[in-house]
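Here are a few notes on the aromatic and nonpolar side chains, for when you have the structure open. Have a look and see whether you read it the way I do.

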Amino acid sequence: MKALTVGRDESVRAKITTTIEEALLNKAKALAKQEGLSGANAIIERALELYFTSIQCEVWEKSLPSGWIKKLVLKGDLILYENIKCRKTLENYRPEDYTQESLKAKGWKKV
């Protein structure tokens, strides 16, 4: 059993006890260290915030015969509409071409 404290900044923090797969906890600790965060709790809190943010929206997609994909994201009073020309998975690629530095240099933005 691991004891976790949740909440941020001035918010009320509550101590909870949970069981979590050790390998998953170790990944959270490593990521927290890599990002300069205080520990695994920060990663777990971010994951919970992301989870609760994402369940408040619906995503719909429609594939067209032309190969285009139409995508709608319904999020409260906001609707995001996208036309996507293609979606493919790269299997054989050079990892050095996809580092944060090289992607930023090519004009990509992390969202």
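1. A word on terms before anything else: a residue is called buried under 20% relative accessible area, exposed over 50%, and partly exposed in between. Tyr98 comes out at 44%, so it goes down as partly exposed. Keep in mind that this is a predicted model.

2. Tyr98 has a ring partner in Tyr93. Their ring centres are 5.5 Å apart and the planes sit at 85°, so this pair is edge-to-face. Tyr93 is partly exposed too, with a relative accessible area of 46%.

3. How many aromatic pairs are there by the ring-centre rule? The count comes to 2. Besides the tyrosine pair above, Tyr51 and Phe52 put their ring centres 5.1 Å apart with planes at 75°, which makes them edge-to-face. Planes over 60 degrees apart are what earns that label.

4. Tyr51 and Phe52 also turn up in a nonpolar surface patch, together with Leu48 and Ile55. The four residues add up to about 410 Å² of accessible area.

5. Are the patch members buried or exposed? For Tyr51 the answer is partly exposed, at 46% relative accessible area. Phe52 is partly exposed, with a value of 46%. Leu48 has 39%, so it is partly exposed as well.

6. To find the patch on screen, start from helix H2, which covers residues 40-54. Leu48 is in that helix, and from there you can pick out Tyr51, Phe52 and Ile55 as the rest of the patch.

Definitions and conventions. Residues are numbered from 1 along each chain as its sequence is written. This is a predicted model: local features need pLDDT of at least 70, side-chain atom pairs count only at pLDDT 80 or more; totals for chains, interfaces and linings use all residues. Side-chain values use heavy atoms; hydrogens and water are left out. Patches are made of residues with over 30% relative accessible area and no salt bridge: like charges are joined within 9 Å, nonpolar side chains (Val, Leu, Ile, Met, Phe, Trp, Tyr) within 5 Å. Accessible areas come from the Shrake-Rupley method with a 1.4 Å probe; for residues, only the protein chains shown count as cover. A salt bridge is a side-chain nitrogen of Lys or Arg within 4 Å of a carboxyl oxygen of Asp or Glu. Helices (H or I, at least four residues) and strands (E, at least two) are DSSP runs, numbered from the N terminus. Buried means under 20% relative accessible area, exposed over 50%, partly exposed in between (1.4 Å probe, protein chains only). Rings of Phe, Tyr and Trp (its six-membered ring) pair if their centres lie within 6.5 Å; planes under 30 degrees apart count as stacked, over 60 as edge-to-face and the rest as tilted.
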